[in-house]
Structure formats: structure tokens, C-alpha cells
Amino acid sequence: MSLRLGLRNLTGVQEVLVLALMLVSIFALFFSDIEFTYKIGIAALVFSLIFLISLASQLLNQENRKDNSER
């Protein structure tokens, strides 16, 4: 059984950090007593960070494949 979560291009450390970010956001959204607008902002920030992390990882993998194929 795999815990890859659809984040195929991430290394183990990156995946653990994304999972930690998800857990912190869940606790911030559901178990904290802050205004609803702040909760929406936190959710948007977490979603955009996870998206950018996966995008950067994909770009790095593409560059590595490109460099390896040129050699």
C-alpha cells in the first residue's frame, strides 16, 4: 500500500512536508475559533502552496530528464 496521494513527483521529504501542511490547515480550519474569512484565506493559501510545490517538483523533474537525455 502506498501513501503517494497522487503527488507522484515529490520526494519523501517534500511529501511529508505537504502532509504536515495539510494537517496544520485542517486543525486551523476546524478546531480554531477564528473568523470565517480568515479560514477561507488559510485554505486558499494552503491550496496554492501545495499546488506550487507540486508544480515546482514537476518542472525540476522535467529539467532533469531533459539534461539526462542530452548527455
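Visitor: At roughly what angle do the axes of α1 and α2 cross?
Guide: Keep in mind that this is a predicted model. Two packed helices are described by the angle between their axes and the distance between the axes. Here the axes of α1 and α2 come within 10 Å, and the crossing angle is roughly 170°.

Visitor: Is α1 roughly parallel or roughly antiparallel to α2?
Guide: Their axes cross at roughly 170°. Angles over 145 degrees count as roughly antiparallel. So α1, relative to α2, is roughly antiparallel.

Visitor: Which residues of α2 make the contact with α1?
Guide: On the α1 side, the contact uses Gln14, Val18, Leu21, Met22, Ser25, Ala28 and Leu29. Across from them, the α2 residues are Lys39, Ile42, Ala43, Val46, Leu49, Ile50, Ile53 and Ser57.

Visitor: How many helices and strands does the protein chain have?
Guide: We've met α1, which covers 12-30, and α2, which covers 36-70. The secondary structure tally for the chain is two helices and zero strands.

Visitor: Is Leu10 buried or exposed?
Guide: Leu10 sits in the segment before α1. Its relative accessible area is 5%, and the cut-off for burial is under 20%. Therefore Leu10 counts as buried.

Visitor: How far apart in space are Leu10 and Ile53, C-alpha to C-alpha?
Guide: Ile53 belongs to the α2 side of the helix contact. Leu10 and Ile53 are 43 residues apart in sequence. In space, their C-alpha atoms are separated by 8.5 Å.

Visitor: And what separates the C-alpha atoms of Leu19 and Ile50?
Guide: Leu19 is in helix α1, and it is partly exposed at 31% relative accessible area. Ile50 is one of the α2 residues in the helix contact. Along the chain the two are 31 residues apart, while their C-alpha separation is 9.5 Å.

Visitor: Why does Phe31 count as exposed?
Guide: Phe31 lies in the loop between α1 and α2. Exposed means over 50% relative accessible area. Phe31 makes that cut because its relative accessibility is 62%.

Visitor: What accessible area does the nonpolar patch with Phe31 have together?
Guide: Phe31 shares this surface patch with Leu23, Ile26, Phe27 and Phe30. Together their accessible area is about 600 Å².

Visitor: What share of the chain's exposed area do carbon and sulfur atoms supply?
Guide: Of the 71 residues in the protein chain, 14% are buried. The chain exposes about 5,900 Å². Carbon and sulfur atoms supply 68% of that area.

Key:
Residues numbered from 1 in each chain as written. Predicted model: local features only at pLDDT ≥ 70, side-chain atom pairs only at ≥ 80, totals over all residues. Heavy atoms only, no water. Patch = residues over 30% accessible without salt bridge, like charges linked within 9 Å, V, L, I, M, F, W, Y side chains within 5 Å. Areas by Shrake-Rupley, 256 points an atom, 1.4 Å probe, with all protein chains shown as cover. Salt bridge = Lys/Arg side-chain N within 4 Å of Asp/Glu carboxyl O. Helix = DSSP H or I, 4+ residues; strand = E, 2+ residues; numbered from the N terminus. Buried < 20%, exposed > 50% of the residue type's maximum accessible area, 1.4 Å probe, protein only. Axes fitted to C-alpha atoms, helices over the stretch in contact; angles between N-to-C directions. Parallel < 35°, antiparallel > 145°, perpendicular 65-115°, else oblique. Contact = heavy atoms within 4.5 Å.
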